[in-house]
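Here is a short report on one protein model. Read it alongside the sequence and the coordinates.

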Amino acid sequence: LYFDERVLDGDAIRSFDGVEVIVDRMSVPYLDGSTIDFEDTIEKQGFSIDNPNAQGSCACGDSFH
């Protein structure tokens, strides 16, 4: 997840409460029902994504089984 102003051919734009997220079309179904928040606490700082489609999560990126 990073800030970028580019939109490539085939990318989809989805809005989350006014914040536009650009994602490749294959990944769009994985975003259904997701929420994005920004946290700035002593424990966490950065974006957090709550994705009900993920059956589990880990640091390796293998969230979808």
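A residue counts as buried under 20% relative accessible area, as exposed over 50%, and as partly exposed in between. Phe38 has a relative accessible area of 46%, so Phe38 is partly exposed. The model is predicted.

**Overall layout**

The protein has one helix and four strands. Along the sequence they follow the pattern β-β-α-β-β. Of the 65 residues, 17% are buried. The protein exposes about 5600 Å². Carbon and sulfur atoms supply 50% of that area. Take the contacts between residues at least 6 apart in sequence: 8% of them join residues at least 24 apart.

**The β1–β2 hairpin and the core**

Strands β1 and β2 pair in the antiparallel sense. Six bridges hold this pairing. Within it, Phe16 stands opposite Val19 of β2. Two residues lie between the strands of this hairpin. Asp17 takes a positive phi there, near 50 degrees.

Which residues make up the largest nonpolar core? There are six: Ala12, Phe16, Val21, Val23, Val28 and Leu31. Three elements each give two or more residues to this core: β1 (11–16), β2 (19–24) and α1 (28–31). Phe16 thus appears twice in this account: as a core member and as the residue opposite Val19.

Ala12 is another core member. Leaving aside neighbours within four places in sequence, Ala12 is in contact with Val21, Ile22, Val23, Arg25 and Val28. Val21, Val23 and Val28 also belong to the core.

**The β3–β4 hairpin**

Strand β3 covers residues 35–40 and runs antiparallel to β4. Six bridges join the two. A hairpin of four residues connects β3 to β4. Asp40 has Gln45 of β4 as its bridge partner.

Thr35 sits in strand β3. Not counting residues up to four places away in sequence, Thr35 touches Ser48, Ile49 and Asp50. Thr35 and Asp50 are 15 residues apart along the chain. Their C-alpha atoms are separated by 5.2 Å.

**The aromatic pair**

How many aromatic pairs does a search of the whole structure find? The search finds one. Phe38 and Phe47 form this pair, with 5.3 Å from centre to centre. The planes are 80 degrees apart. Angles over 60 degrees count as edge-to-face, so this pair is edge-to-face. Both rings belong to partly exposed residues: Phe38 has a relative accessible area of 46%, and Phe47 has 41%.

**Asn51 and accessibility**

Asn51 lies in the segment after β4 (45–50). The side chains of Asn51 and Ser34 are joined by a polar contact of 3.5 Å.

Is Asn51 buried or exposed? Its relative accessibility is 18%. The cut-off for buried is under 20%, so Asn51 counts as buried. Thr35 has a relative accessible area of 46%. That value lies between 20% and 50%, so Thr35 is partly exposed. The table sets out these values.

| Residue | Relative accessible area | Class |
|---|---|---|
| Thr35 | 46% | partly exposed |
| Phe38 | 46% | partly exposed |
| Phe47 | 41% | partly exposed |
| Asn51 | 18% | buried |

Note on methods: Residues numbered from 1 in each chain as written. Predicted model: local features only at pLDDT ≥ 70, side-chain atom pairs only at ≥ 80, totals over all residues. Heavy atoms only, no water. Buried < 20%, exposed > 50% of the residue type's maximum accessible area, 1.4 Å probe, protein only. Polar contact = N/O pair within 3.5 Å; in protein donor to acceptor, adjacent residues only side chain to side chain. Core = buried A, V, L, I, M, F, W, Y, C linked by side-chain atoms within 4.5 Å. Contact = heavy atoms within 4.5 Å. Areas by Shrake-Rupley, 256 points an atom, 1.4 Å probe, with all protein chains shown as cover. Pairing = 2+ DSSP bridges. Phe/Tyr/Trp six-rings, centres within 6.5 Å; stacked < 30°, edge-to-face > 60°.
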